[in-house]
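Hi,

Here is the structure I said I would pass on. Have a look at it, and then read my notes below.

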Amino acid sequence: MGVFGRIWRVFKANIHAMLDRAETPEHTLETSLRDMQKQMNRIRDDVIRVVAEEKKLKNQVDRYQKEIERWDKNAVMAVKQGNDALAREALRRKRESLEFSQQLAPQWEKQQAISERLKQEYQGLRERIQSAERKKQNL
């Protein structure tokens with residue numbers, strides 16, 4: 001390594017030493033707190049969005065379940081009235097509603113899991129922020 005390499009290392013070491021003196025623990029902690037606060041706001045927005053989507057999917061699943069019950073009752077009534085064509089149509093629509101419900105149920109369950117994970121992340125970050133704020137007050 002030549003002279004320039006050694007000069008560069010000394011220069012870098014001096015710059016790092018100046019930065020270390022300028023950077024106080026309070027400043028570092030304040031910067032970390034701001035970053036965590038921004039992250040918490042993003043996670044909160046994600047939680048709100050995911051929970052809204054979860055509720056929307058749950059409502060759709062519930063609606064299809066009610067339709068299944070309604071078409072089942074209609075089919076039974078049609079059979080009692082002797083109207084086989086109407087009974088077949090009611091059973092066909094019941095089957096369609098059942099298929100839609102079965103397609104949406106896994107999506108809803110997945111959305112529930114994502115929602116719970118995000119809520120836990122949000123809570124964990126809130127606790128870390130509170131802990132960092134207590135440390136800041138003790139400095």
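**What I found**

Let's start with Y122, which is buried, with a relative accessible area of 18%. Before going further, please keep in mind that this is a predicted model.

**Y122 and Q111**

You will find Y122 in helix α3. Leaving out residues up to four places away in sequence, Y122 touches M40, I43, R44 and V47. One of those partners, V47, is 75 residues from Y122 along the chain, yet the C-alpha atoms of the two are separated by 8.1 Å. Y122 counts as buried because its relative accessible area of 18% falls under the 20% cut-off.

Q111 is in helix α3 as well. Is Q111 buried or exposed? Q111 counts as buried, at 15% relative accessibility. If you ignore its neighbours within four places in sequence, Q111 is in contact with V50, E53, E54 and L57.

**Salt bridges**

Next, the charged pairs. As a reminder, side chains of opposite charge can pair when their charged atoms come close. How many salt bridges does the structure hold? There are ten salt bridges in the structure, and I'll go through some of them here.

Take K94 and D72: they form a salt bridge in which the closest N and O atoms are 3.2 Å apart. This pair links distant parts of the chain, since K94 belongs to helix α3 (residues 84–138) and D72 to helix α2 (residues 25–80), with their positions 22 residues apart in the sequence. K94 is partly exposed at a relative accessible area of 24%, and D72 also counts as partly exposed, at 32% relative accessibility.

R44, which you met above as a contact of Y122, has a salt bridge with D45. The closest N and O atoms of R44 and D45 are 3.8 Å apart. With 34% relative accessibility, R44 counts as partly exposed. D45 is partly exposed too, at 44% relative accessibility.

Then there is E116 with K119, a salt bridge whose closest N and O atoms are 3.8 Å apart. Both E116 and K119 lie in helix α3, three residues apart, which is about one turn of the helix. E116 counts as partly exposed at 43% relative accessibility, as does K119 at 37%. Apart from that pair, E89, R92, R93 and E96 are joined into one network by salt bridges that share partners.

**Rings and charges**

Which residue has its charged end over the ring of W108? That residue is K58, and its charged end sits 4.6 Å from the centre of the W108 ring. In a second case, R63 lies over the face of Y64, at 4.9 Å from the ring centre. As for rings paired with each other, the structure holds one aromatic pair.

**A nonpolar patch on the surface**

Have a look at helix α1 (residues 3–22), where W8 lies. W8 is part of a nonpolar surface patch that W8, F11, I15, M18 and L19 form. Together these residues have about 510 Å² of accessible area. W8 itself is partly exposed, with a relative accessible area of 48%; that value puts W8 in the middle class because it is not over the 50% needed for exposed.

**Two distances to try in the viewer**

If you want to get a feel for the dimensions, try these two pairs. How far apart in space are Q60 and R9, C-alpha to C-alpha? They are 65 Å apart, with their positions 51 residues apart in sequence. Q60 has its place in helix α2 and is partly exposed, at a relative accessible area of 22%.

The other pair is S32 and Q81, which are 49 residues apart in sequence and 73 Å apart in space, again C-alpha to C-alpha. S32 is found in helix α2 and counts as partly exposed, at 33% relative accessibility.

**Where to begin**

If you have time for one spot, I'd pick Y122 in helix α3 and its contacts M40, I43, R44 and V47. After that, the salt bridge of K94 with D72 is a good next stop.

Best wishes

Note on methods. Residues are numbered from 1 along each chain as its sequence is written. This is a predicted model: local features need pLDDT of at least 70, side-chain atom pairs count only at pLDDT 80 or more; totals for chains, interfaces and linings use all residues. Side-chain values use heavy atoms; hydrogens and water are left out. Rings of Phe, Tyr and Trp (its six-membered ring) pair if their centres lie within 6.5 Å; planes under 30 degrees apart count as stacked, over 60 as edge-to-face and the rest as tilted. A charge sits over a ring if NZ of Lys or CZ of Arg is within 6 Å of the ring centre and within 35 degrees of the ring normal. Patches are made of residues with over 30% relative accessible area and no salt bridge: like charges are joined within 9 Å, nonpolar side chains (Val, Leu, Ile, Met, Phe, Trp, Tyr) within 5 Å. Accessible areas come from the Shrake-Rupley method with a 1.4 Å probe; for residues, only the protein chains shown count as cover. A salt bridge is a side-chain nitrogen of Lys or Arg within 4 Å of a carboxyl oxygen of Asp or Glu. Helices (H or I, at least four residues) and strands (E, at least two) are DSSP runs, numbered from the N terminus. Buried means under 20% relative accessible area, exposed over 50%, partly exposed in between (1.4 Å probe, protein chains only). Contact means heavy atoms within 4.5 Å.
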